[in-house]
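Hi everyone, thanks for having me. I'd like to walk you through one structure, going strand by strand and then helix by helix. Here it is on the screen.

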Amino acid sequence: MSEMRIGIVGLGWVAGAHIETFKHVKGAAVTAVCSRRSLDPAALQAQYGLPLKAYTDYQQMLADPDIDAIDICTPHPYHADQAIAAANAGKHLIIEKPIALSWEDAVRVRDAIRANGVKAMVCFEVRYSAQFTLTRSIVEQGLLGHLHYGEVDYFHGIGPWYGQYPWNIKKDMGASSLLTAGCHAMDILLMLMQAPVAEVTALGTTSTSEYFTPYEYPTTTVSLLKFADGRVGKVTSCIDCLQPYYFHSHLVGSHGTLLDTKLHTTKLPGMIKTKWSELATHPIDSGDVSDHPYQPQFQAFVDATAAGTTMPLTDFDTALESHRVAYAADLSIALGRTVKLSELA
């Protein structure tokens with residue numbers, strides 16, 4: 001495979017960002033798109049600046065031998081079956097989150113990937129952001145010492161002004177606050193704490209604002225995590241807030257603390273005890289997909305797939321574990337009790 005040829009299914013806002021990103025990824029090119037709408041190849045080339053095959057039948061696109069990988073950008077409920085069909089067709093996979101709306105369906109995707117020997121990644125691109133690349137480095141270099149507490153929170157009001165709102169409000173489409181958005185925060189916490197989760201206790205609530213009352217599921221959830229080594233963490237997923245986008249992180253360790261982009265550590269001499277040191281980095285401060293750090297993630301996937309290896313950070317199995325904790329949190333809310341991760345075997 002000299003160049004990974006990619007077919008995108010679902011041609012909306014996210015797909016546009018993926019197409020633009022792949023123009024800057026070495027060793028890959030988007031060559032086809034699939035949508036329920038009839039598409040004019042000439043209009044597509046005028047819009048995206050690329051010659052693109054246009055399909056309205058997903059199975060026909062999967063049968064195309066000139067496509068090596070499928071990039072799934074459809075609404076959430078379609079991800080699982082489309083991913084399984086692509087894996088069964090021998091195509092590598094790029095899957096927008098969530099992988100599926102249930103743990104059982106996510107496992108079906110995993111099994112299809114393993115059975116067919118294809119490579120897969122999930123778009124947890126926040127791991128590749130400048131802010132959390134720096135944060136991970138600070139943790140790994142020991143500037144905070146041994147972490148005993150971490151919280152990562154997602155605040156992003158998804159109201160009528162947001163493109164996905166009409167379908168996102170429905171339980172069978174958006175599924176939950178975590179699965180539709182806040183799983184990014186859950187994923188980052190797991191990356192930073194670097195330990196398996198033993199159990200989750202979660203609560204949910206909903207705003208009384210007219211913008212958010214149409215939601216069919218709790219739009220704010222708080223998940224308390226107990227890790228297998230006894231440490232604790234917290235993830236808030238709030239999609240019913242009226243405020244600027246805010247991706248919050250707070251890590252507390254034996255030698256220091258990191259609060260968003262502010263650092264205090266006893267590992268560096270000369271630091272003033274009463275002041276934070278500000279880190280010069282670009283924070284995660286927008287929900288617009290055009291601002292998401294897809295490029296380094298997609299490049300890592302293309303390079304690893306060409307080499308026959310597993311990509312770092314957002315390979316399928318790593319992302320599946322983050323989803324498993326999110327499913328456990330949603331189950332905790334539904335059942336009104338703590339859920340052990342062993343219950344999702």
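Okay, find strand β8, residues 197-205, and then strand β9, residues 220-227: they run antiparallel, and eight bridges join them. This is a predicted model, by the way, so keep that in mind as we go. If you want one spot to look at, take Thr-201, which stands opposite Leu-224 in β9.

Now, what packs on this part? Helix α11, residues 316-335, packs on the sheet and touches β8, β9 and β15. Its direction makes about 50 degrees with that of β8.

Let's zoom out to the sheet. What order do the strands come in? Reading across, it goes β14-β13-β12-β11-β7-β10-β9-β8-β15, so to speak: nine strands in an open sheet, with mixed pairing. β14 (277-278) and β15 (339-340) stand at the edges with a single partner strand each, so one side of each has no neighbour in the sheet.

There's another helix to find, α6, residues 130-140. Helix α6 lies across β7, β11, β12 and β13, and runs at about 5 degrees to β11.

Last stop: helix α5, residues 103-116, which packs with α11. The axes are 10 Å apart and the angle is about 170 degrees. An angle over 145 counts as roughly antiparallel, so that's what α5 is to α11.

Who makes that contact? On α5, the residues include Trp-103, Val-109 and Ile-113, and on α11 they include Phe-316, Leu-320 and Tyr-327. Sorted by type, the contact residues are seven nonpolar, four charged and no polar. Arg-110 of α5 and Asp-317 of α11 are also among the contact residues.

That's my tour, thanks!

Conventions
Residues numbered from 1 in each chain as written. Predicted model: local features only at pLDDT ≥ 70, side-chain atom pairs only at ≥ 80, totals over all residues. Heavy atoms only, no water. Pairing = 2+ DSSP bridges. Helix = DSSP H or I, 4+ residues; strand = E, 2+ residues; numbered from the N terminus. Contact = heavy atoms within 4.5 Å. Axes fitted to C-alpha atoms, helices over the stretch in contact; angles between N-to-C directions. Parallel < 35°, antiparallel > 145°, perpendicular 65-115°, else oblique. Nonpolar A, V, L, I, M, F, W, Y, C, P; charged D, E, K, R; others polar.
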